[in-house]
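Work through three short exercises on the structure shown here. Try each task before reading its solution.

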Amino acid sequence: MAYVIGADCIDVTDRACLDVCPVDCIYVGERKSYINANECIDCGACEPECPVGAIFVDRTARSDPDRAAFVADSHAFFAEPLPGRAEPLGDPGGAGKLGGEIGLDTPLVGDHPQGGAG
Ligand code: F3S
Ligand code: F3S
């Protein structure tokens, strides 16, 4: 089990979730943030902090194709090279170790319609 950030974060990126994650496993892209499922300890602290309810538990995606797409996309953010990069991020061990926000998104998020809904 892991927590996942869905479409409602897009173009909102409130970042309140970042302040409560005890292991610093939430990484900020350009239009959205992403939880590293390998680093997440499933504490649940982030979920109630998001003002737009973008964070969900991955098992709730089993019956929800829209959520399932973002579970897969969150995996891809770390496992596949982001646009313009040669190497995937992998599991850096905390967003702070990267020296700041990533500023890049997966193709799914980068091409997502404006507005955050859906
Ligand atoms: Fe971090 Fe806990 Fe959420 S480890 S990503 S605050 S579930
Ligand atoms: Fe996004 Fe909500 Fe965090 S909008 S950056 S998941 S607080």
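The exercises below concern two aspartates and a ligand in a predicted model.

**Exercise 1.** Place aspartate 58 in the chain and decide whether it is buried, partly exposed or exposed.

Solution.
- Start with the fold: aspartate 58 sits in the loop that runs between strand 4 (55-57) and helix 2 (65-79).
- Next, take its relative accessible area, which is 23%.
- Buried needs under 20% and exposed needs over 50%. Aspartate 58 is therefore partly exposed.
- Now list its contacts, leaving out residues up to four places away in sequence: Met1, Ala2, Val4 and Val71.
- Finally, look at valine 4: 54 residues separate it from aspartate 58 in sequence, yet the C-alpha to C-alpha distance is 6.0 Å.

**Exercise 2.** Find out which polar partners the side chain of aspartate 105 has, and check for a salt bridge.

Solution.
- Locate the residue: aspartate 105 is in the loop between helix 2 and helix 3 (107-110).
- Check for a salt bridge. Aspartate 105 is buried and has none. The nearest side chain of opposite charge belongs to arginine 31, 5.5 Å away. The cut-off is 4 Å.
- Turn to the backbone: the aspartate 105 side chain reaches the backbone nitrogen of arginine 31 at 2.7 Å.
- Add the side chain of tyrosine 34, a polar contact of 2.7 Å.
- Among the other residues that aspartate 105 touches are Gly29, Leu82 and Pro83.

**Exercise 3.** Describe the shell around ligand 1.

Solution.
- Count: 13 residues surround ligand 1.
- Name the closest: Tyr3, Cys21, Cys43, Gly44 and Cys46.
- Sort by class: 11 are nonpolar, 1 is polar and 1 is charged.

Key: Residues numbered from 1 in each chain as written. Chains lettered and ligands numbered in written order. Predicted model: local features only at pLDDT ≥ 70, side-chain atom pairs only at ≥ 80, totals over all residues. Heavy atoms only, no water. Near = heavy atom within 4 Å. Nonpolar A, V, L, I, M, F, W, Y, C, P; charged D, E, K, R; others polar. Helix = DSSP H or I, 4+ residues; strand = E, 2+ residues; numbered from the N terminus. Buried < 20%, exposed > 50% of the residue type's maximum accessible area, 1.4 Å probe, protein only. Contact = heavy atoms within 4.5 Å. Lys, Arg positive; Asp, Glu negative; His and termini not counted. Polar contact = N/O pair within 3.5 Å; in protein donor to acceptor, adjacent residues only side chain to side chain.
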